[in-house]
Structure formats: C-alpha cells, structure tokens
Amino acid sequence: MSMSLYARRFGLVAVSGTVYVGAVYLGLQLYGGNNTKEANASTSADGDGGVKSYVSDPRRTATFQKIAYSYDDEIRKDEFVMGINLLRRALLYFHAKGDVLEVGAGTGRNLGYYPGENTVRRVVLTDSSDKMLLRAKDKLKQMPVSERGRYDVLVADAGNLQSFPDNSFDTIVDTFGLCSFDDPIAVLKELQRVCKPEGKILLLEHGRSKSYEGLSSYLDK
C-alpha cells in the first residue's frame, strides 16, 4: 500500500474524529450543564437503602418524537465511521437467542443484525416514542413476510414493563439506550426482572473512558 494511500486514510480518520469530538462538545454546550429549565436532578432512596441520582426530563420523549424522521440520517455517518454497525452485528449474532426483548429500540437500528429464526424465535421491539417505532415499522415492511413475522412492536416504558411477567425472555437487548432513560437504575432492575435466570442482558452503551482520562476531563468541562 502506497504512503499516499496511508496518508489519505489517516487524514480521513483524523478529520472524522475531530468532527465527532467537536459535535459532542457543541452538544454538551447547548444541552448539558446545570440548566434547571431543561432538566431536574432527582434523588431518591432505592430498595436497598442506598441513594440513586438521575436526571428527569419531562420533555425527553417529546424530543425523540420530534427527531424521529431525521434521526437515522443524523447518526448514520457517525456510526459508520466509528464501526458501531459492526459492534451491533457482533453483539446480536454471537449472543442473542430465543425470545428477545429490545428496549429503547427507537427506529430499529438493530434490524437486520439478529440471527435467523433457528437461533432467535421472536423479537419484541419497545420504545417510549411511537414515532420512532413508526420508523422501525417502515423498515420491517421492507423485509420478507417470512422474516418480519417474528417481530412485534410495542410502545412501552423500559422502566415499567407491566406487559411482561417475570422471567419472560431469553435475551434482553439495549443498545445506546441507558443515556436516554430518566432512571437507568430502575430500567436495569426491570430488565433483570423480565429476563430468565439463565438468560442474558446485552448492553452496548456509551461509557466513560478510563484509558483517555484527559479527553474525559475535557468533555466534563
């Protein structure tokens, strides 16, 4: 491979990384911080006597309703550059099986990555935004009838899955959803409740980097 090709690829990665970090920083400046008009910090005692803190935003679902039809276009390139699609595929192909519940399914960005029906019998897609799920339904309509027949779509709060009894699913899936829930701890407890004892809860999430503390500190500021 020529040096010029290496240089072009390095330049593409560098530019993409700069754009991504810049977008994250701009988003934090616009929507982050201590703006109490946008979100209220809540603290309550959990069942174990400890304290849990989270951000409650009454307009959270309304925001997803508003961006539902532009969401895929806005994040498609970012996910491609960062290899997120490969991570989605690997997570589901190697670990999803049986009856599957996906929370925070949004526009159905995991559709097409689930193993065949010999491995995954049924997939229930849930989200609090019905407009986001309408986009997922559009994608399902493009699948062969034999394939889309194993999918169900349901509007549901991931922190209160009353429609499902204990130990209902072999696999629970949540990809980049914990940051969009009012109370992630309540969601995780609910996922544990509906997951079979021998089942799996699969999480692909944003997280604080321990390897790049300098970048994390910069983003905090």
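Helices here are DSSP runs of H or I with at least four residues, and strands are DSSP runs of E with at least two, both numbered from the N terminus. In that numbering, Glu-190 belongs to helix 7. The model is a predicted one, and Glu-190 is a convenient place to enter it.

With a relative accessibility of 13%, Glu-190 falls under the 20% limit and therefore counts as buried. Its surroundings come from a part of the chain well before helix 7: the C-alpha atoms of Glu-190 and Asn-160 are 6.7 Å apart, although 30 residues separate the two along the chain. Once neighbours within four places in sequence are set aside, Glu-190 is in contact with Ala-158, Gly-159, Asn-160, Leu-161 and Gln-162.

The protein chain as a whole has 221 residues, of which 32% count as buried. The chain contains 8 helices and 7 strands. Among its contacts with a separation of 6 or more, 68% are between residues 24 or more positions apart. The Glu-190 and Asn-160 pair, at 30 residues apart, is one example of such a spacing.

Confidence should be considered before going further. The mean pLDDT of the protein chain is 81, and 74% of the residues score at least 70. Over residues 26-47 the pLDDT stays under 50, and for this stretch the model has 29 contacts beyond four places in sequence. Where pLDDT is low, predicted coordinates should not be read in detail.

The next element is the sheet. Strands in a sheet pair through backbone hydrogen bonds, in either a parallel or an antiparallel sense. In this model 5 strands make an open sheet with parallel pairing, in the order 5-4-3-6-7. Strand 5 and strand 7 (195-204) are the edge strands, each pairing on one side only. Averaged over the sheet and ignoring direction, neighbouring strands are turned by 20° against each other.

Strand 3 sits between strand 4 and strand 6 in the sheet order. All 5 of the 5 residues of strand 3 (residues 98-102) are buried, so this strand is largely enclosed by the rest of the structure. Strand 3 and strand 4 run parallel and are joined by 5 bridges, while 3 bridges link strand 3 to strand 6, again in the parallel sense. Glu-102 in strand 3 takes part on both sides. Its bridge partner in strand 4 is Leu-125, and in strand 6 it stands opposite Val-173.

On the other side of strand 6, the pairing with strand 7 is parallel and has 6 bridges. Here Phe-169 stands opposite Cys-195 of strand 7. Helix 4 (residues 84-95) packs on this part of the sheet, where it touches strand 6 and strand 7, and its direction makes about 165° with that of strand 7. Towards the other edge, helix 5 (residues 130-141) lies across strand 4 (120-127) and strand 5, and runs at about 165° to strand 5.

Strand 6 is flanked by two loops that each hold a residue with an unusual backbone setting for the reader to check. Asn-167 is in the loop between strand 5 (151-155) and strand 6, and has a positive phi of about 55° although it is not a glycine. Phe-176 is in the loop between strand 6 and helix 7, and its phi is also positive, near 55°, in a residue other than glycine. Their accessibility classes can be given as well. Asn-167 is partly exposed because its relative accessibility is 40%, whereas Phe-176 is buried, with a relative accessible area of 18%.The loop that holds Phe-176 also holds Ser-180, between strand 6 (169-175) and helix 7 (184-194). A polar atom of the Ser-180 side chain lies 2.7 Å from the backbone oxygen of Gly-177. Leaving out residues up to four places away in sequence, Ser-180 touches Arg-60 and Phe-64.

The cysteines come last. A disulfide is a covalent bond between the sulfur atoms of two cysteines. With sulfur atoms required to lie within 2.5 Å, the count in this model is 0 disulfides. Cys-179 counts as exposed because its relative accessibility is 54%, while Cys-195, which stands opposite Phe-169, counts as buried at 7%.

Terms used. Residues are numbered from 1 along each chain as its sequence is written. This is a predicted model: local features need pLDDT of at least 70, side-chain atom pairs count only at pLDDT 80 or more; totals for chains, interfaces and linings use all residues. Side-chain values use heavy atoms; hydrogens and water are left out. A polar contact is a pair of N or O atoms within 3.5 Å; within protein, one must be able to donate a hydrogen and the other to accept it, and residues adjacent in sequence count only if both atoms are side-chain atoms. Contact means heavy atoms within 4.5 Å. Buried means under 20% relative accessible area, exposed over 50%, partly exposed in between (1.4 Å probe, protein chains only). Two strands pair if DSSP finds at least two bridges between them. Axes are lines fitted to C-alpha atoms, for helices over the stretch in contact, and angles run from 0 to 180 degrees between N-to-C directions. pLDDT is the predictor's confidence in each residue, from 0 to 100.
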